[in-house]
Amino acid sequence: MDNSGKFQIGDPVFIVYDRRRYWMKTVEEKEFHCNYGLIKLGELVGKTDGSLIETNKGKKLRVYFPKINDWIRSFEHQGQIIYEKDAAQIAFLLDIKSGSIIYEAGTGSGALTSYLSQIVGPTGKIVTHDVRNAAKKTAQKNLGRMGVTNVEFNLRDVIEEGFVEGKADAIILDMVDPWRVLSHVQNVLKIGKKIVIFIPSYNQIEKTFVALKEYKFREIRAIELLEREIQLKENAIRPSTRMIGHTGFLMEAIFVEKVNHESINNLVVE
């Protein structure tokens, strides 16, 4: 998008029919076909954000410059992504700001990575790790479409190899057994900074809690966020009968001192 706020050739465009039917495309000299007809993408040049367009079948579509949630909705997925409600809370808990260096274990499809990359901006960086090559490639493809340039992708088993060298202002772990990587967290997380862990089960919370205590982390807390939309209908405004319930738990803790790994005898690792 140039300063005019109008679509130009090469711009991404988010095309919407309704809340469940939408497409991410590029403004170019091609036709876009869907069940509601076709439009010529090149004819979007000069249209403004939110313009209403008509297909050859007379159906109305709305076109937008994509926002971060639009990009994430259009991502290819490698498993479940972290939902918006959790992503926003993670950024808040970690005190992420422009220029922050964030380490991440569990890249997945890159949904959280893309969101955090916008917050840290061009002077910050996301250093993300995943043991799965398919996940790394998918995330690189997803973020490449967005034009993200402040993410470093690493194909790496952080349990066995640790994180890449550096110093992190915050760390996010999205993995099955996060308690097994805390010894490596000590090597990159700055003293006084926070770690947030996304995990799905109570058993994992307990194992992680025990490990965090053994490694002398402080201010340990676990929460769950539930999201329920409000039905917006005249004379019938009420909570929706459907909601985003359990997606995972968030644990947070502050790193205050480095502990000799060999001195820890009671650490849960199974």
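These are my notes on one sheet and two loop residues in this structure.

**Entry 1: the model**
I'm working with a predicted model, so I keep that in mind for every local feature.

**Entry 2: the open sheet**
I started with the strand order. Four strands make up an open sheet, and they run β2-β1-β6-β5. The pairing is antiparallel. Next I looked for the edges: β2 (21–26) and β5 (51–54) sit there, each pairing on one side only. I also checked the twist, and neighbouring strands are turned by 30 degrees against each other on average, ignoring direction.

**Entry 3: β1 next to β6**
How many bridges join β1 and β6? I found three, linking residues 12–18 of β1 with residues 60–64 of β6 in the antiparallel sense. To get my bearings I picked phenylalanine 14 and looked across: tyrosine 64 in β6 stands opposite.

**Entry 4: β5 next to β6**
On to the pairing of β5 with β6, which is antiparallel too and has four bridges. Here I followed isoleucine 53 to its bridge partner in β6, leucine 61. Then I went round the hairpin of these two strands, where five residues lie between β5 and β6. Glycine 58 in this hairpin has a positive phi, near 85 degrees.

**Entry 5: the two faces of β6**
Which side chains of β6 are buried? Leu61 and Val63 are, and they point to one face. Lys60, Arg62 and Tyr64 point to the other face and are not buried. That fits a general pattern I jotted down: in a regular strand, side chains alternate between the two faces of the sheet. So Leu61, the bridge partner of isoleucine 53, is on the buried side, while Tyr64, opposite phenylalanine 14, is on the other.

**Entry 6: positive phi without glycine**
I then turned to aspartate 95, which isn't a glycine but still has a positive phi of about 55 degrees. I located aspartate 95 in the loop between α2 (84–93) and β7 (101–105). Its relative accessibility is 48%, so I put it down as partly exposed.

Asparagine 235 is another non-glycine with a positive phi, about 70 degrees. Where is asparagine 235? I found it in the loop between β13 (230–231) and β14 (238–239). Buried or exposed? Asparagine 235 is exposed, because its relative accessible area is 86% and the cut-off is over 50%.

Methods
Residues are numbered from 1 along each chain as its sequence is written. This is a predicted model: local features need pLDDT of at least 70, side-chain atom pairs count only at pLDDT 80 or more; totals for chains, interfaces and linings use all residues. Side-chain values use heavy atoms; hydrogens and water are left out. Two strands pair if DSSP finds at least two bridges between them. Axes are lines fitted to C-alpha atoms, for helices over the stretch in contact, and angles run from 0 to 180 degrees between N-to-C directions. Buried means under 20% relative accessible area, exposed over 50%, partly exposed in between (1.4 Å probe, protein chains only).
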